Amino acid sequence: MNALWHGFADMGAVERDGAFVVARGEGVYVFDRAGNRYLDATAGLWFANVGHGRGEIADAVAAQLRTIAHYSNFGDITEPATQELAERLARLAPVPGSKIFFTSGGSASVDTATKLARRYWHEVGQPGKTIVVGRRMAYHGMHVAGTALAGLPGNREGYGELMPAARTVEWDDAKALLALIEEIGAERIAAFFCEPVIGAGGVYPPPAGYLAEVRRICRDHDILFVADEVVTGFGRIGGAWFASSRLALEPDLMTTAKGLTSGYLPMGAVFAAPHVAEPFFAGGVWWRHGYTYGGHAGAAAAALANLDIIEREGLLDAALRLETSLHEQLSVLAAHPRVAEVRSGFGAVAAIQLADPAEGLPLVRTLRAHGISSRAAGQGAMQVSPAFVMTDDQIAELVDGFLRALNDV
């Protein structure tokens, strides 16, 4: 019997077939308990941006834990590492002068941004602005607000109505957002949540001009624009710390996690532009929100060491190289009869879309037999989101493994 209840799993199948136990990692590879090596196509769950097994991060965390593991960030309390990380992130922010609110991960960052958007409008005298808008196929984590916001109906099944004030529009049509605003009124809409690249919903890069257009619509109608950069943040988009920086989106709020620590410890952060933070920093207003482990000192030490590695090794530029290399080398897979299309060309992310989505889970298992660890996102989209340290030769290894697995599945 397996005592562990896995997320997003058919536990009957896991009970029958057993778990895939990843025992250790090194660079872009992971190893099972038998010592078999697998090229990690997904960097864990989008997060291992600097690769696995970085002793520098482990050492930084150990040193912090020996000093103080964590205390609190409520009231006037904090720790030096947490303060240092907040100041560093503020310097990297797409909007100068941003304030940093730490969370326990991506889902908590989305819930935080949802509450903050609604509370902001209350503080500036527009309490009727409570509706939050997401997009079809988008994924915003698995807390209540994120599940309601996301455009993945299967993730909402069986729970009843999670959040009545959530709406969904088409993912690739800016006019759909404009139509919703005209239908229900901008005076009722608090925020629009937008992944620069749709991630878990199937890896869909934005259509040309789409992000600039929805950003303009939000600005014109006094709606907060929330960039969900849990996946794309901290270099995943290539050439910049954030997609919002690369594309000059100037988000009112930005949600992050994953690449903040490269997954070495759980941590998230919400970036609030100065005008959003101002009502809460002016004095006399308590925002009664926070997490026990928000700004955890050990996690902050991991994040600081992780950011050091990204800067020292030029991994933002490496991710931009991956954008081109993945696009070029994965293109050969588009001709395979089992493949409908390959989506790539914007950041160190890609998807091999299977013609038959039902083949996704079997292909995951077949890929392991050929030394590749990947996963099926969305409807049969095989996720590729490697660590930024992956070489062009390792991408060729990845493509070869996919070709052999596609022939076997």
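A cavity, on a 1 Å grid over the protein atoms alone, is a set of points where a 1.4 Å probe fits but cannot get out, while a pocket is an open set with protein on both sides within 12 Å along at least five of seven lines; lining residues have an atom within 4 Å of a point. The model is predicted, so local features need pLDDT of at least 70 and side-chain atom pairs count only at pLDDT 80 or more, whereas totals for chains, interfaces and linings use all residues. Residues are numbered from 1 along each chain as its sequence is written, and side-chain values use heavy atoms, with hydrogens and water left out.

**Exercise 1. Get a feel for the overall chain.**

Step 1: count the elements. The protein chain has 14 helices and 15 strands (DSSP runs numbered from the N terminus, H or I with at least four residues for helices, E with at least two for strands).

Step 2: check the dimensions. A compact globule of 409 residues would have a radius of gyration near 22 Å, and the protein chain agrees with its 21 Å (taken over C-alpha atoms; the rule is 2.2 Å times the number of residues to the power 0.38). Along the principal axes, the C-alpha atoms fill a box of roughly 60 × 55 × 45 Å.

Step 3: look at burial. Of the 409 residues in the protein chain, 55% are buried (under 20% relative accessible area; exposed is over 50%, partly exposed in between, with a 1.4 Å probe and protein chains only).

**Exercise 2. Walk from β5 to β10, strand by strand.**

Step 1: start at β5 (residues 131-135). Three bridges join β5 to β7 in parallel (two strands pair if DSSP finds at least two bridges between them), and Ile 131 has Ile 189 as its bridge partner in β7.

Step 2: move on to β7 (residues 189-194). Six of the six residues in β7 are buried. Four bridges pair β7 with β8 (residues 224-228), again in the parallel sense, and Cys 194 has Ala 227 as its partner in β8. The chain gets from β7 to β8 through helix α8 (residues 210-220), in a right-handed β-α-β crossover (with the strands pointing away from the viewer, the path from the first strand over the helix to the second runs clockwise).

Step 3: carry on to β9. Three bridges pair β8 and β9 in parallel, with Val 226 opposite Leu 253. From β9 to β10 the pairing is antiparallel, over four bridges, and Thr 255 stands opposite Val 270.

Step 4: check the side chains of β9. In a regular strand, side chains alternate between the two faces of the sheet. Here Leu 253 and Thr 255 point one way and Met 254 and Thr 256 the other, and all are buried.

**Exercise 3. Which residues line the largest cavity?**

Step 1: find the cavity. There is one cavity of 30 Å³ or more, and the largest has a volume of about 40 Å³ (the space filled by probe spheres set on the points, which are joined across faces, edges and corners).

Step 2: list the lining. It consists of Pro 94, Val 95, Ser 98, Pro 251, Asp 252, Leu 253, Met 254, Phe 271, Ala 272 and Ala 273. β9 (253-256) and β10 each supply at least two residues of this lining.

Step 3: sort by class. Eight of these lining residues are nonpolar, one is polar and one is charged (Ala, Val, Leu, Ile, Met, Phe, Trp, Tyr, Cys and Pro count as nonpolar, Asp, Glu, Lys and Arg as charged, the others, Gly among them, as polar).

**Exercise 4. Which element gives the most to the lining of the second largest pocket?**

Step 1: set the scene. This pocket has a volume of about 1100 Å³. Its lining takes in 31 residues, with Asn 73, Gly 75, Ile 100, Phe 101 and Phe 281 nearest the centre.

Step 2: compare the contributors. α4 (80-92), β4 (99-103), β10 (268-272) and α10 (274-281) give two or more residues each. The winner is α4, with five residues.

Step 3: sort by class. The lining of the second largest pocket has 17 nonpolar, ten polar and four charged residues.

**Exercise 5. Phe 8 and Trp 46: buried or exposed?**

Step 1: look at the backbone. Phi is near 50 degrees at Phe 8 and about 75 degrees at Trp 46. Most residues other than glycine have a negative phi.

Step 2: place the residues. Phe 8 lies in the segment before α1 (11-17), and Trp 46 lies in helix α2 (residues 43-46).

Step 3: read the accessibility. Phe 8 is exposed, because its relative accessible area is 64%. Trp 46 has 4% relative accessibility, so Trp 46 counts as buried.
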